Amino acid sequence: MKKTIIIFLFICAGNAYSQDLKLNWLTDFNEAKQISAKQDKPILVYFTGSDWCAPCKKLKTDFFNTEKFVVESQKFVLLMVDLPRRNDIITPDQKRKNMILMQDYNRRGSFPTLVGLDADGKTLGNINGYSRSFGTDDYFAFLKKILKKYK
């Protein structure tokens with residue numbers, strides 16, 4: 001019985017820990033720039049087609065939803081630029097803003113794409129595409145590269 005209670009407490013503590021580590025994806029570019037300047041962190045922009053892009057969905061599962069990324073994400077201001085096909089996912093105003101960001105930072109229209117920016121919106125680097133056969137090592141190396149360029 002004592003063993004069962006201890007296991008139950010560990011499970012509860014683990015669930016509380018994972019809930020505390022949720023990612024805070026912003027959707028407003030100006031807000032991301034302000035926070036970036038205030039906290040002295042680079043911006044990590046994630047271009048996705050959340051409802052139609054299969055590689056984006058795989059990247060979310062394999063990379064963004066890992067504890068390793070959650071820890072690394074604390075060093076960045078996270079900005080998600082979603083261009084879904086369904087009209088009920090984002091507002092028309094948000095879609096217009098996201099299209100402007102596409103023109104400025106993802107002209108090729110590649111999905112998924114990650115772009116590192118400084119607080120002024122200057123590009124520090126980018127990486128696009130995803131295949132499970134290559135894994136997430138390139139993405140973690142990209143994060144390190146952005147942090148190095150930012151300092």
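# Exercises on a predicted fold

Helix 3 (residues 54-64) lies across strand 1 and strand 3, and its direction runs at about 140° to strand 1. Helices (H or I, at least four residues) and strands (E, at least two) are DSSP runs, numbered from the N terminus. Axes are lines fitted to C-alpha atoms, for helices over the stretch in contact (heavy atoms within 4.5 Å). Angles run from 0 to 180 degrees between N-to-C directions.

The model is predicted: local features need pLDDT of at least 70 and side-chain atom pairs count only at pLDDT 80 or more, while totals for chains, interfaces and linings use all residues. Residues are numbered from 1 along each chain as its sequence is written, and side-chain values use heavy atoms, with hydrogens and water left out.

## Exercise 1: the sheet

Give the strand order of the open sheet, name its edge strands and find the helix 2 contacts.

Step 1. The open sheet has four strands in the order 2-1-3-4, with mixed pairing. Two strands pair if DSSP finds at least two bridges between them.

Step 2. Strand 2 (77-82) and strand 4 (123-128) are the edge strands, as each pairs on one side only.

Step 3. On average, neighbouring strands of this sheet are turned by 15° against each other, direction ignored.

Step 4. Helix 2 (residues 29-39) packs on the sheet and touches strand 1 (43-48), strand 2 and strand 3. The direction of helix 2 makes about 165° with that of strand 2.

Step 5. Now take the pairs. Strand 1 and strand 2 are parallel and joined by six bridges; here Ile 43 stands opposite Val 77. Strand 3 (residues 113-117) and strand 4 run antiparallel, with five bridges between them, and Leu 117 stands opposite Thr 123.

## Exercise 2: the core

Which residues have the most contacts inside the largest nonpolar core, and which element gives the largest share of this core?

Step 1. Two terms are needed. Buried means under 20% relative accessible area, exposed over 50%, and partly exposed in between (1.4 Å probe, protein chains only). A nonpolar core is a set of buried Ala, Val, Leu, Ile, Met, Phe, Trp, Tyr and Cys residues joined through side-chain atoms within 4.5 Å.

Step 2. The largest such core has 37 residues, and Phe 47, Phe 63, Leu 79 and Leu 114 have the most contacts inside it.

Step 3. Among the elements that give two or more residues to this core are helix 2, strand 1, helix 3 and helix 6 (137-150). Helix 6 supplies the largest share, seven residues.

Step 4. Look at Phe 63. Leaving aside neighbours within four places in sequence, Phe 63 is in contact with Phe 69, Leu 114, Thr 136, Tyr 139, Phe 140 and Leu 143.

Step 5. Strand 2 is mostly covered, with five of its six residues buried. In soluble globular proteins, nonpolar side chains tend to be buried together.

## Exercise 3: salt bridges

How many salt bridges does the structure hold? Describe those of Glu 72, Arg 86 and Asp 93.

Step 1. A salt bridge is a side-chain nitrogen of Lys or Arg within 4 Å of a carboxyl oxygen of Asp or Glu. The structure holds five.

Step 2. In the salt bridge of Glu 72 with Lys 75, the closest N and O atoms are 3.2 Å apart. Glu 72 is buried at 16% relative accessibility, whereas Lys 75 is partly exposed at 37%.

Step 3. Arg 86 and Asp 88 meet at 2.9 Å, N to O. Arg 86 is partly exposed at 47%; Asp 88 is exposed at 58%.

Step 4. Asp 93 and Lys 97 form a salt bridge with the closest N and O atoms 3.4 Å apart. These two are four residues apart in helix 5 (residues 92-105), so about one helical turn separates them. A network of salt bridges links Asp 93, Arg 96 and Lys 97.

## Exercise 4: the disulfide and the backbone

Which cysteines form the disulfide, and where does Asp 40 lie?

Step 1. A disulfide is a pair of cysteine sulfur atoms within 2.5 Å. The whole structure has one.

Step 2. Cys 53 and Cys 56 form the disulfide, with sulfur atoms 2.4 Å apart. This link is right-handed, with 75° about the S-S bond, and both cysteines are buried.

Step 3. Most residues other than glycine have a negative phi, and most peptide bonds are trans. Asp 40, not a glycine, has a positive phi of about 55° and lies in the loop between helix 2 and strand 1.

Step 4. The peptide bond from Phe 111 to Pro 112 is cis, with omega near -10°. Pro 112 is in the loop between helix 5 and strand 3.
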